[in-house]
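Good morning, everyone, and thank you for making time for this. I would like to walk through one protein model slowly, so please keep the picture in view while I talk.

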Amino acid sequence: MAKIGTDLSRFILEEERKYPNATGSLSLALLAIENATKIIASHIKMAGLIDILGKTGKTNIQGEEVQKLDEFSNQLLIEHLGESGQFFACASEELDDVIYFEHGKDAKYVIAFDPLDGSSNIDVNVSVGTIFSIHKKIEGNENDFLQEGYKQVAAGYIVYGSSVMFVYTTGNGVNGFTLDPSVGMFLLSHPDIKIPKKGKIYSINETNYPKWEEGLRKYIDTLKEEGYTSRYIGSMVADVHRTLLKGGIFAYPADSKNKSGKLRLLYEASPMAFIIEQAGGKATTGKEDILKIKPETLHQRVPVFLGSEEDINRLLSFL
Ligand code: AHG
Ligand code: MN
Ligand code: MN
Ligand code: MN
């Protein structure tokens, strides 16, 4: 196992060496993400001082008001990932359609991302994040983004919190790196993360309680009786990060108004499901495993329940 303190760039290259047939392309792809997100991190840290807080005045394809940092992060990722030459195309929560990269014609991968997760928390200095999901390029068109989650080659998130962390998987366990701001490097701080089998925290936007199905209401009532505690930040990255480390359950369910919930399959549900399962947890819509869903459209939404194995199994017995 890699040593604590190993820097992310070196870790990525060392991982690659374990696969004699690897071409180095995935490593370069991950390094491009690392570099782009370091720049995003440094801008977020300055957000209160430079003019990048607040709304742009535009509305995105999701029907949401676009924040300046949503737009900044989206543009930065498009430019960096495009220039890296390692991606054929990208899809983003903030883009109507797929972008095909000029310098990626021979590239092996496509990437879907949520450039800035937790928009509503930007202006109040609460943790936000970036989420990414990489698939192989197969057909060279939009269908490459509509592959099942279990076919992801890599997925990860960056949480811009009290410290900045880069957490990712290539299907071989989950590793977490913390940014050392003095040298500008992500250093291995959380090797081979395993989610506890059972937790004591539930994380859900409870204002939707009256709109949930009966089984879910009973389940949450039961957790309360048993002394679970409630934590809900409202940034998926931060809520999932806590769930990964401490266990319990994170949920954004369907309700009577939002029949598929809120979270997007490609940019949020699927990459987080891959990470949670690689750490030994479970991720489901309540009806099926998130990673087994064959996406139908780029921006489709799905109900999300993820977390500790025992907590998710218990939830399923209520639904
Ligand atoms: P985004 O900022 O990328 O649009 O995502 C927002 C999401 C997610 O981060 C969070 O889990 C959820 O919205 C919170 O929604 P509610 O405010 O409805 O609880
Ligand atoms: Mn959004
Ligand atoms: Mn999001
Ligand atoms: Mn977002």
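Let me begin with a small question: which residue in E5 is the bridge partner of Ser-92? The partner is Phe-113, and I should say at once that helices (H or I, at least four residues) and strands (E, at least two) are DSSP runs, numbered from the N terminus.

Before going on, a word about what we are looking at. This is a predicted model, in which local features need pLDDT of at least 70 and side-chain atom pairs count only at pLDDT 80 or more, while totals for chains, interfaces and linings use all residues. Residues are numbered from 1 along each chain as its sequence is written, and chains are lettered from A and ligands numbered from 1 in the order in which they are written.

Now back to E5, which covers residues 109–117. Strands count as paired if DSSP finds at least two bridges between them; E5 runs parallel to E3, residues 87–92, with 5 bridges, and antiparallel to E6, with 7 bridges. Within that second pairing, Val-110 stands opposite His-135 of E6. Of the 9 residues of E5, 9 are buried, where buried means that 20 or more other C-beta atoms, placed from the backbone, lie within 10 Å of the residue's own (exposed is 12 or fewer, partly exposed is in between).

Let us follow E5 to Asp-117, which is found in that strand. Asp-117 counts as buried because 29 other C-beta atoms lie within 10 Å. Setting aside neighbours up to four places away in sequence, its contacts (C-beta atoms, placed from the backbone, within 7 Å) include Val-128, Met-236 and Glu-268. Glu-268 itself sits in helix H6, residues 265–278, and is buried too, with 26 C-beta neighbours inside 10 Å.

UniProt, in an unreviewed entry, lists Asp-114, Asp-117 and Glu-268 under "binding site". They span 155 residues in sequence, yet no two of their C-alpha atoms are more than 8.7 Å apart, so they gather at one spot. Please bear in mind that UniProt positions are given in the numbering used here, that feature names are shortened, and that annotations may be inferred rather than shown by experiment.

Beyond the strand, Gly-118 lies in the loop between E5 and E6, as does Ser-119. Gly-118 is buried, with 22 other C-beta atoms within 10 Å, and Ser-119 is buried with 21. Ser-119, apart from its neighbours within four places in sequence, touches Glu-64, Gln-67 and Asp-70.

What surrounds ligand 1? There are 13 residues, and the closest are Asp-117, Gly-118, Ser-119, Asn-205 and Met-236, where near means a C-beta atom, placed from the backbone, within 6 Å. By class, this shell has 2 nonpolar, 6 polar and 5 charged residues; Ala, Val, Leu, Ile, Met, Phe, Trp, Tyr, Cys and Pro count as nonpolar, Asp, Glu, Lys and Arg as charged, and the others, Gly among them, as polar.

Finally, the shell draws at least three residues from each of domain 1 (8–190) and domain 2 (201–318), with bounds from an automatic or database domain assignment. The C-alpha centres of the two domains lie 22 Å apart, and their contact takes 33 residues from domain 1 and 28 residues from domain 2. On the domain 1 side, the largest share, 5 residues, comes from E6.

Definitions and conventions. Contact = placed C-beta atoms within 7 Å.
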